[in-house]
Every structure is written in structure tokens, then in C-alpha cells.
Amino acid sequence: MKTEPGSARWAWLIVAGLTLFLAAFAAGCGSSDDDSTTADTSDMPTELGEGEGEVNLVAWAGYVEDGSTDPKVDWVTDFEKETGCEVNVKVGNTSDEMVQLMRTGEYDGVSASGDATLRLIDGGDVVPVNTDLVPNYADVFPGLKDQPYNSVDGQMYGIPHGRGANLMMSNTEDVKPTPTSLSAVFDEAELAKQEGHVTAYDSPIYIADAAVYLMATQPDLGITNPYELDEDQFNAAIDLLKTQNEYIGEYWSDYTKEISAFANGDSTVGTTWQVINQLLQADGEPVTAEITDEGATGWSDTWMVSSEAKNPNCMYMWMNHIIDPKTNAAVAEWFGEAPANEKACDFTADPKHCEIYDAAGDKYLDDLYYWTTPVSDCGDDRGEVCKTYDDWVQGWTEVKG
Amino acid sequence: MEAADALTPQPKRSVGRRLAGLFHGRPRLQISTLLAGPIGWLVVGYLGSLAVLLVAGFWTLGELSGEVEQSFTFDNFSQIFTEPVYRTVIGRTVLIAALVTLTDALLALPLAFYMAKVAGARTRGMLVVAVLVPLWSSYLVKVYAFKTILSEEGALNWALNPLGIEGPGPGNVSVWLVMSYIWLPYMIIPIYAALERMPDTLLSASEDLGAHPGHTFRRVIFPLIFPAIIAGSIFTFSLTLGDYIAVQLLSTNQFIGTIVSSNITNNLPFAAAFATVPIVIMVIYLLLARRAGAFEHV
Amino acid sequence: MRLTGRSAMLLRIASSLTLAFIYIPLAIIIIYAFNPDVVLKWPPPGLTLDWFGKAFENDGAREAFFNSIKAGLAATAFALVLGTLASLAVARYKFFGRETVSFLVILPIALPGIVTGVALNTSFTQVLGIDLGLFTIIIGHATFCIVVVYNNVVARLRRLSTSFEEASADLGATPFQTFRRVTLPNMRGALVAGALLAFGLSFDEIIVTRFTAGAGEQTLPLWILDNFSRPNQLPIVNVVAVLVILISIIPVYAAYRLTKDEDGATAAHAAP
């Protein structure tokens with residue numbers, strides 16, 4: 001390398017050093033530090049103004065349908081006509097994705113499950129909701145109001161959307177007899193029969209499903225809540241999942257992937273949502289979905305308003321619309337869940353819908369283990385020894401290998 | 001003499017000429033002006049961004065909220081070394097990247113040689129176009145197409161099942177197959193270019209001296225095109241090393257790319273720390289490649 | 001060069017296998033574009049042109065296509081300017097750190113896309129606080145496209161004797177005039193090849209783009225990624241891909257002709 005007289009070399013070094021220093025400095029003061037405050041009602045609107053013209057949502061697949069999936073399934077177009085708020089939706093595949101999307105501050109609201117809600121509240125990404133501005137809230141099932149996953153100190157942080165169970169779907173031709181127990185995806189003998197064709201939900205929250213199975217098969221572990229796992233319980237769940245991993249063909253988080261996988265024959269058994277089962281059956285695929293005997297995990301979703309919402313009025317209008325009886329009924333039937341609004345039960349196409357999905361919660365819905373964020377505080381006399389969500393994420397990485 | 005001066009046209013002192021005068025005899029000024037734009041951007045913008053990423057690797061997360069907090073800790077980096085799963089992931093990714101590179105080199109060599117040395121002019125033109133056009137077909141579409149080809153009821157099983165063989169399911173073999181497929185043109189192009197620049201006379205001289213083709217290849221051709229192969233390998237290796245879309249679709253195992261991408265959503269500091277691993281690997285690879293003369297052939 | 005008998009046969013077979021490996025999956029993609037069924041099984045139940053019509057009507061696809069063109073042209077322009085500047089410095093001067101320039105220029109394309117993407121994203125959103133959009137996409141693309149222009153131009157400049165430029169200076173031309181009238185025309189082929197490769201890279205790029213794009217605007221690869229999640233849109237994606245492949249044959253061939261003529265590489269094939 002030919003060298004210029006000394007000064008050029010120093011010039012390069014100075015430039016490099018300066019860049020590094022500037023970068024560190026800029027990174028240090030560039031990021032915004034969100035100070036999270038809980039139950040800060042100072043920003044809550046007291047009355048609803050005019051619609052801003054658009055609303056940007058993060059939602060589970062199937063929650064915001066505008067006719068593009070199926071022309072008969074549309075509860076967005078009428079909303080847009082009534083309120084003038086154009087709806088833009090970004091589908092989140094997992095709670096983790098939804099939290100991340102909300103953090104960008106580019107969305108007005110989200111349909112958050114219980115394992116996202118507390119993270120969003122604690123991170124200051126969502127604000128309390130003034131339920132007086134949402135007339136349909138009055139008709140929501142009492143069992144969904146003021147729950148630990150959607151409220152803080154008695155202040156609601158969102159509007160309940162609906163809830164449902166994670167089911168076990170199986171191909172009726174390849175898996176006989178149709179399984180109703182979690183053993184179909186956790187017991188080695190049964191796993192071996194479907195080797196390479198088992199599927200599971202690709203998110204750390206799935207560890208809870210393993211814990212539910214352990215509650216039934218290894219009672220001496222003493223698991224009472226699948227989200228409150230101490231060291232031994234957690235390790236047992238991880239070991240179970242590692243065993244399962246050897247028989248898994250593919251995991252799914254994007255619901256269309258699970259649809260393709262079952263349609264292609266790549267997957268024959270695994271956890272699912274009712275909407276996936278319904279879409280496959282509509283296509284003539286031989287599948288069925290059951291709720292498992294040992295109990296099941298589930299999700300209870302809440303519409304929340306972003307702390308950086310640019311269109312809060314449209315967001316409130318959307319929340320009121322999505323839980324009005326007719327819309328809530330349509331969503332509940334399309335997705336296959338129990339609606340949040342009691343009056344929706346009169347509007348479902350199938351009059352028995354609310355009964356089948358136990359909307360009132362007294363048959364099995366109240367006993368589901370709803371997705372919630374694991375924290376170190378076990379909530380019982382064990383103290384703060386439980387695994388946090390970070391541990392779950394780490395554990396899930398180990399499971400997948 | 002004055003009459004001659006009056007008749008000789010003087011060059012206009014235009015802006016261009018005045019600027020030229022400014023630069024004249026000042027090579028350092030010339031170099032700096034030329035390099036200001038590109039190097040300025042690459043150093044401040046690009047290297048600076050990488051530095052920001054490195055700094056982010058030392059941050060942590062709030063416990064419940066999972067928000068990024070700018071405190072200083074080595075935890076993220078130490079986790080990479082202490083948890084065995086990450087060593088497995090890195091090893092797996094590097095191994096498959098190396099296999100893909102090898103496979104692509106083996107596939108590319110005969111075709112590149114045929115194109116450069118054997119094919120007639122018109123065939124060569126068609127072959128060059130034939131090799132370059134797949135580069136323009138969408139990476140995503142190719143990956144998804146392969147997913148369906150490799151699926152249970154896909155084209156591969158349709159062809160193999162009557163013979164009693166089953167195609168590879170999701171897994172490392174599928175990843176290796178698809179990655180080799182997608183990055184192949186990046187290996188063909190530099191090898192072809194190098195072979196094209198190689199004079200035919202070398203080959204005929206070797207033949208005249210009595211070497212049979214295999215011998216010629218080993219002793220004459222291969223050493224000359226080796227830098228070009230390395231140049232092509234820069235792409236096949238690094239593109240496989242960092243891929244996260246295809247590997248996620250084709251395998252349940254995790255790779256460097258999937259670890260980084262899945263942690264960006266809820267653990268930016270760890271993702272940033274883990275991202276330094278492929279950076280280090282590639283910088284070392286590039287330094288070795290430069291030593292081998294590959295930069296002339298990229 | 002002439003190869004006889006067995007070697008020639010082996011070479012032909014190996015080359016054909018490689019070509020087959022490249023094109024069979026592409027053929028399958030093309031067939032799927034005519035597949036009437038939304039779920040992709042093999043063999044497809046029939047053939048239809050319906051999806052072609054739907055693809056042309058699809059607003060999202062059209063917009064994304066034009067966004068990709070815009071981004072590609074802008075990124076290529078930046079890359080051409082920056083790449084040429086850098087290669088002029090490297091090929092015509094000697095200075096400390098000259099080898100480092102090549103290293104620096106190749107870094108954005110050699111490092112995994114996800115690293116470049118996350119790094120740029122963090123800088124844009126956390127440090128600079130600017131909104132992501134078409135401009136940030138272009139910056140990202142230009143960064144890794146510089147190297148393809150740079151390499152082509154440097155290679156060409158190295159083979160181009162400086163005597164032309166010196167003669168031009170002797171005749172009284174300023175460096176700018178020399179560049180415009182002597183150097184640039186001789187680099188034309190390298191510039192075109194570099195520009196074409198840069199455009200192609202930018203057009204199909206998904207990973208870096210995913211991190212530098214805002215919520216509003218989509219390039220074609222982003223649109224494809226988005227639509228793979230919608231079962232009814234999947235065949236349209238295949239159609240779009242097929243159309244892109246077909247359209248691309250023209251510029252690829254044109255670039256090949258341009259570079260071939262200029263280099264005079266045919267001299268290498270003088271018969272022994």
C-alpha cells in the first residue's frame with residue numbers, strides 16, 4: 001500500500017474514530033425513552049369529535065374483513081360509509097409482532113390478546129379508554145369487563161372483542177380416530193404415527209399448552225397456572241416441547257400457512273383457530289377441530305387505543321362498531337369465537353352459536369387458560385421465582401434448535 | 001508578434017476552466033472531491049449505522065414492557081457464547097452456507113466453461129441471457145414455488161414417489177437445495193467472465209504439450225479462475241448466511257437470520273448483538289477473499 | 001476451443017443438467033400462473049388465463065410495480081454517480097487507503113441484508129427521527145448498489161489506457177471536458193452493465209427494503225410478500241412474477257450486446 005505523507009493516514013483514523021463516537025452519542029440521545037405510567041387518565045378524551053378520515057389498525061387475521069377474502073364477509077365497507085373513516089389494517093401473526101407494530105407509533109389501535117395487553121400498557125404504548133364514549137360497551141358480557149389483562153386499578157384499557165379457545169385440528173383421513181386429547185401432539189407414541197406432519201403455533205406462548213398437558217399427566221409437578229411456571233415446571237415443559245419438535249414438520253404463525261399445510265398434506269394434526277378449520281372445510285378439505293379434554297389455552301382479545309394515535313375519534317368509532325350486535329355476531333361466526341356483546345347472540349346466523357361457543361362462559365370458556373404475559377411474580381407463596389416472558393422467548397429458541 | 005497574438009484565439013475562461021485551474025496540480029484535492037460523496041456516505045451513513053447497531057447490542061429491556069432501555073450490559077453478548085443453542089445455530093448456518101457455495105461452484109463450472117469456450121457466438125449470447133434472466137425473477141416467488149414443489153403433494157414427490165423415493169421434507173436438505181438454486185447465477189457470472197478473459201492460446205498450448213483435459217483443468221484453468229470462484233462465493237456464502245425468509249419456510253430449525261429477525265420484534269438489543277456474529281464472519285471472509293484476489297472479479 | 005469425444009460429451013451433459021436445474025422450477029412457476037386453483041397442488045387441475053386479467057386490474061400490484069421502477073431508477077442513478085466517482089479515484093490515483101475503498105464499497109452487499117436493514121432502520125428511526133418512505137428505500141438500495149457499478153467501471157478503467165486522457169489534456173481540454181468526451185464514452189458499456197445489474201438488484205430486493213419502507217408505500221417484492229398471506233391473491237403473484245421474467249429478457253439481452261461489442265472480448269476466441 002503506497003502511503004501518502006503521514007497526514008492522510010491520520011485523517012482516516014480521525015474520521016473513523018469520529019464516526020464511532022458520533023454514532024454512540026447519537027444513539028444515546030436519539031432514542032425516545034418512554035416513561036410508563038399506569039392508569040394515567042389525563043389523556044383520555046371526554047367527548048368524541050369528528051372522524052379524522054382514516055383509521056390504521058393492527059389486527060388478528062379475520063378480524064377486519066372488507067370483502068377481499070370472501071365477498072360476503074364484510075363489516076368494513078359499511079363502517080367506512082357511515083363514518084367516513086377509511087380503514088387500513090395490518091395483520092399481526094403473533095402477539096410479539098403486534099407489540100412491535102404498535103411501538104412504531106404508526107397505528108391507531110390494536111386487537112390485543114392477553115399476552116400483549118399488559119406489555120403494551122406497561123410500555124406506555126396504549127392509553128386508558130373512556131368506555132362512556134362507546135355505547136355498545138354497556139352490553140358486553142360482565143365476565144369480560146375489568147379483567148386483569150385489560151384493566152389496571154379498575155380503569156379499562158380497551159374494549160373487549162371476543163374470546164375463544166385454541167383447538168386441535170386433525171385430518172380426518174390421516175388421523176384416526178379423531179383425537180380429542182393433547183396426547184395427540186405430546187405423547188411420543190401418538191406423535192410417531194404422524195411423524196413429520198405435526199404442527200404447532202410458532203410463538204413462545206405455546207409453552208403454556210405444554211404446561212396444560214403436564215397439569216394432567218404430571219400432577220406432582222404442581223402446576224396450577226400454565227403461565228406461572230417455576231424452574232422445574234418450566235424445564236419440564238421445555239423438555240416436552242423438545243421431544244415434540246422431533247416430530248414437527250413445520251410450525252405456523254401465519255394462518256394462511258397452516259391452511260396451505262393442511263391442504264397440501266404437509267400437516268395432519270396440531271393446534272389451530274376455528275377460523276382456519278372453517279376455511280379449510282369450506283374448501284372441502286377433510287379436517288375437524290376439537291377442544292381438548294385436558295383443558296386448553298385460549299385468548300381473549302381487547303381493542304386498545306395507541307398512545308400515539310393520530311385518529312383517536314375514528315378509533316373510538318371503530319371500537320363501537322366492531323362490538324355492535326350485528327357486527328360482533330358476524331365476526332364471531334367468521335372467526336369462530338364467542339362474541340363480547342350479549343346482544344350479538346340474537347344476530348348470529350346459527351342460533352346456537354353462542355351456546356356452542358359458550359359465550360356466557362359457564363361451560364368451558366371461563367376455564368380456559370387465556371394468553372397472558374408471564375412475569376416473575378408467581379402470584380402465590382412461591383414468590384418471585386417464576387419465569388418471565390424473556391425466559392419463555394429464550395426457552396422457545398432452545399426448543400426450535 | 002502582436003498581430004499573431006491578436007489572431008490566436010484565447011481559450012475562454014469558463015467556469016469549467018477556472019475550476020480545472022483550482023484542481024490542477026493538487027492531487028489530494030482531486031482525490032478528496034471524488035471520494036467525498038461515496039466514502040462520506042459509506043463511512044458516516046453505513047458504518048455509522050453499523051456502529052449504532054453495535055451500541056444497541058449493549059442495551060437491555062424493561063422486564064414487563066419489553067421496551068428498550070439504554071443501560072450498558074454484556075449480557076446479550078455473553079448469552080451468545082453461553083447458550084449452546086446459539087452455537088448450534090451458527091454452526092448449522094455456516095455449514096450450509098459452505099455446502100451451498102461448494103454445490104454452486106460445482107454446478108457453475110461446466111456451464112460457465114461451455115459458455116465461454118465451447119459454445120458458438122450465437123449460442124453463447126442465448127446462454128448468457130438464459131443465465132441472467134432468472135436473476136430477475138423474484139426471490140420470493142422462487143422460494144414459495146420451491147416450497148410447493150417440495151411439499152407432500154408437490155411436483156417433486158409426484159416425480160419421485162412412483163420410483164419409491166420420497167423427497168426431502170422440511171429440513172436442512174431442503175434449505176441446502178433451495179439456497180443452491182437461488183444463488184447459482186451469482187456464481188456463474190464471475191466464473192464465466194473470468195473464463196472469457198482467459199486466452200484460448202493457453203488452453204491450446206497445454207493441449208500441445210500433451211495434457212489431457214482433466215490435467216489442463218487442474219493445472220491451468222482452475223488456478224486462473226480461482227479468484228473468480230472466490231468472488232462468486234462471497235455472494236453465495238453471505239446470502240445464505242443471512243437469509244431468514246427461505247429458511248423459515250423450509251425448515252423448523254433456526255439459522256442466524258431467523259434468530260436476528262425473530263428477536264428484532266421483542267428484543268432489539270439481543271438481535272443487534274447477535275447480528276455482530278455474521279458481520280464478524282463476513283469481514284474475515286472478505287479479508288481472506290481480498291488476499292486471494294477475488295475483488296478484481298466481483 | 002475444441003474438446004473431443006468423452007470430455008465434450010461430459011461437458012455437454014453437465015452443462016445441460018445445470019441449465020435444467022435452473023429452468024425446471026421456473027417452468028413450474030410459469031405453469032402455476034395458469035393454475036385455476038388457489039391452492040397449489042401438483043399437477044394443476046387445469047389451465048386458465050383468468051389470473052392474467054385479474055393481475056392487470058389489481059391496483060396494489062400496479063402501484064407497487066411503479067414504485068419499484070421509481071426506486072430502482074433513483075437508486076441506480078445514485079449508485080452510478082457514487083460508484084463512478086469512487087472508481088475514478090481508485091483507478092486513476094494512488095493514495096493511502098485505496099484498497100480500503102474496495103473493501104468499504106463491497107461491505108453493504110456482502111453483509112447479510114438483515115444486518116444492513118436493521119442498522120439503517122435503527123439509524124433512520126431512532127437517531128435521525130425521519131419517517132420511513134420511498135426515500136429511505138432508495139438510500140438503502142443505493143448503498144448496496146454502489147459496488148456493482150464500481151466494480152464494472154474500475155475494471156474498465158484499468159483496461160483503458162491513460163494515453164487517451166493524456167492526449168486530451170495535451171490538446172488543452174479541462175479534466176471535465178476530458179471526462180465527458182473521452183473517458184465517459186469509453187466507459188459506456190461498463191456503466192450500462194453496472195446500471196442494469198444495480199437496477200435488477202434494487203427491483204427484487206426484499207430484505208433491506210422491509211426495514212427501510214414505511215407503512216404506506218410498497219415496492220413489488222413487498223407487495224408479493226404481503227399477498228402471499230392472502231390465499232386468493234396467490235395466483236396473481238405468480239402471474240406478476242412471470243410477467244417480470246418475460247419483460248426482463250429485453251434489457252438483459254441489450255446489456256449483453258452492449259458490453260460484448262465494447263470489450264472486444266471476441267479477440268480472445270481467435271482460433272489457435
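## Exercises on two interfaces of chain B

In this predicted model, 14 residue pairs (both at pLDDT 80 or more) make polar contact across the interface of chain B and chain C.

**Exercise 1.** Describe the side of chain B that touches chain C: which helix gives the most, and how do the residues divide by type?

*Solution.*
- Start with the helix. Helix 3 (residues 27–56) of chain B gives the most, with 17 residues.
- Next, sort by type. The chain B side divides into 67 nonpolar, 15 polar and 11 charged residues.
- Then check for salt bridges. The count between chain B and chain C is zero.

**Exercise 2.** Work out how much area chain B and chain C bury, and which three residues of chain B supply the most.

*Solution.*
- Take the area. About 8600 Å² is buried between chain B and chain C, and carbon and sulfur atoms give 77% of that.
- Pick out the residues. B:Leu34, B:Tyr46 and B:Trp136 supply 10% of the area that chain B buries against chain C, more than any other three residues.
- Count the participants. Chain B brings 93 residues to the contact, and chain C brings 93 residues.

**Exercise 3.** Characterise the contact between domain 1 and domain 2 of chain B.

*Solution.*
- Set the bounds. Domain 1 of chain B spans 2–56 and domain 2 spans 83–296.
- Place the domains. Their C-alpha centres lie 40 Å apart.
- Count contacts. Four residues of domain 1 touch five residues of domain 2.
- Read the area. About 350 Å² is buried between these domains, with 84% from carbon and sulfur atoms.
- Classify the domain 1 side. Its residues divide into four nonpolar, no polar and no charged.
- Look for polar links. The domain interface has zero salt bridges and zero residue pairs in polar contact (both at pLDDT 80 or more).

Technical notes. Residues are numbered from 1 along each chain as its sequence is written. Chains are lettered from A and ligands numbered from 1 in the order in which they are written. This is a predicted model: local features need pLDDT of at least 70, side-chain atom pairs count only at pLDDT 80 or more; totals for chains, interfaces and linings use all residues. Side-chain values use heavy atoms; hydrogens and water are left out. Domain bounds come from an automatic or database domain assignment. Contact means heavy atoms within 4.5 Å. Buried area is the accessible area (1.4 Å probe) that two parts lose on being put together, summed over both. A salt bridge is a side-chain nitrogen of Lys or Arg within 4 Å of a carboxyl oxygen of Asp or Glu. A polar contact is a pair of N or O atoms within 3.5 Å; within protein, one must be able to donate a hydrogen and the other to accept it, and residues adjacent in sequence count only if both atoms are side-chain atoms. Ala, Val, Leu, Ile, Met, Phe, Trp, Tyr, Cys and Pro count as nonpolar, Asp, Glu, Lys and Arg as charged, and the others, Gly among them, as polar. Helices (H or I, at least four residues) and strands (E, at least two) are DSSP runs, numbered from the N terminus.
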